[in-house]
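Reader: Could we go through this structure together? I have some short questions on charges, cysteines and strands.

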Amino acid sequence: DFEVADGFEVNLFASSEDFPELINPLQINFDARGRLWVACFESYPVPLPGKLSKDKILIFEDTDGDGKADRKTVFADNLKLPDGFVFYKDGIIVSVSRKLLWLRDTNGDDVVDMQEELLRGIDDTDTHHGGYLARTPQGHVIFCEGVFHRGQFETPFGPVRSKDATALYFDPVTRSLSI
């Protein structure tokens with residue numbers, strides 16, 4: 001049950017009945033245009049060895065103003081373990097198997113057309129314990145490693161090692177990493 005304040009309402013914006021690709025949503029975020037971005041983790045909880053993951057980032061949009069998504073765009077697909085993302089410049093920074101990637105949309109068509117690896121070394125031993133990105137007010141990316149994880153990062157400023165349920169702060173501009 002929801003307790004909804006006066007003047008507000010709750011509605012279903014997007015469902016897997018209307019959009020079958022909306023499988024195992026792991027993280028959602030609304031952009032400045034009111035569109036819902038979703039990290040879909042079809043391979044959860046364990047990707048099959050030797051098989052390309054069908055994990056993806058989807059964008060849902062309400063084009064007719066009725067409060068329900070009627071357009072879906074696949075921003076990025078064939079990802080492996082996309083367990084979190086944040087908006088960054090002309091795209092998103094996403095945590096995918098052992099690394100942070102900057103997925104860019106340089107031509108404005110809402111589909112990734114450039115990719116840059118920003119950081120590598122995240123422990124993905126257990127898909128239940130990682131990622132879940134957020135941004136600080138200063139623009140740093142916060143990401144987490146779960147219990148029993150061991151991160152091994154090489155940065156321009158030297159190595160950084162993490163152990164057991166660590167929150168890490170990454171500056172995408174300078175590429176510095178701190179615990």
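Reader: To begin, how many salt bridges does the count come to?
Author: The count comes to 10 salt bridges, a salt bridge being a side-chain nitrogen of Lys or Arg within 4 Å of a carboxyl oxygen of Asp or Glu. Please note that this is a predicted model, in which local features need pLDDT of at least 70 and side-chain atom pairs count only at pLDDT 80 or more, while totals for chains, interfaces and linings use all residues. Residues are numbered from 1 along each chain as its sequence is written, and side-chain values use heavy atoms, with hydrogens and water left out.

Reader: Which residue does Arg 35 meet in a salt bridge?
Author: The side chain of Arg 35 meets that of Asp 31, at 2.7 Å from N to O. Both Arg 35 and Asp 31 are buried, where buried means under 20% relative accessible area, exposed over 50%, and partly exposed in between (1.4 Å probe, protein chains only).

Reader: And what does Arg 104 pair with?
Author: Arg 104 and Asp 90 form a salt bridge through their side chains, with an N to O distance of 2.9 Å. This pair links distant parts of the chain, 14 residues apart: Arg 104 is in strand S7 (residues 99-104), and Asp 90 is in the loop between S5 and S6. Strands here are DSSP runs of E with at least two residues, numbered from the N terminus.

Reader: Why does Asp 90 count as partly exposed?
Author: Asp 90 counts as partly exposed because its relative accessibility is 25%.

Reader: Where does Glu 154 stand, buried or exposed?
Author: Glu 154 counts as exposed, at 56% relative accessibility. Its side chain meets that of Arg 161 in a salt bridge of 3.1 Å, N to O, and Arg 161 is partly exposed, with a relative accessible area of 41%.

Reader: Which residues are linked in a network of salt bridges?
Author: Glu 21, Lys 56 and Lys 72 are linked in such a network.

Reader: What is the nearest side chain of opposite charge to Asp 171?
Author: That side chain is Arg 175, at 7.5 Å; Asp 171 is buried yet has no salt bridge. For charge, Lys and Arg count as positive and Asp and Glu as negative, while His and the chain ends are not counted.

Reader: Then which side chain does a polar contact join to Asp 171?
Author: A polar contact of 3.4 Å joins the side chain of Asp 171 to that of His 140. A polar contact is a pair of N or O atoms within 3.5 Å; within protein, one must be able to donate a hydrogen and the other to accept it, and residues adjacent in sequence count only if both atoms are side-chain atoms. In addition, a polar atom of the Asp 171 side chain lies 2.8 Å from the backbone nitrogen of Val 173. Asp 171 itself sits in the loop between strand S13 (166-170) and strand S14 (177-178).

Reader: Turning to cysteines, how many disulfides does the structure hold?
Author: The structure holds 0 disulfides, a disulfide being a pair of cysteine sulfur atoms within 2.5 Å. Cys 40 counts as buried, at 2% relative accessibility, whereas Cys 144, in strand S10 (residues 141-145), is partly exposed with a relative accessible area of 29%.

Reader: Which residues does Asn 24 touch?
Author: Not counting residues up to four places away in sequence, Asn 24 touches Ala 39, Cys 40, Phe 41, Glu 42 and Tyr 44; contact means heavy atoms within 4.5 Å. Asn 24 lies in the segment before strand S1 (25-30) and is partly exposed, with a relative accessible area of 33%.

Reader: Back to S5: in what sense do S5 and S6 pair?
Author: S5 and strand S6 (residues 91-96) pair in the antiparallel sense over 5 bridges, and two strands pair if DSSP finds at least two bridges between them. Phe 87 stands opposite Ile 92 in S6. Strand S5 (residues 84-88) is mostly covered, with 4 of its 5 residues buried. In this hairpin, which has 2 residues between the strands, Lys 89 takes a positive phi near 45°.

Reader: Finally, where is Thr 155 found?
Author: Thr 155 is found in strand S11 (residues 150-155) and is buried, with a relative accessible area of 12%. A polar atom of the Thr 155 side chain lies 2.6 Å from the backbone oxygen of Gly 158.
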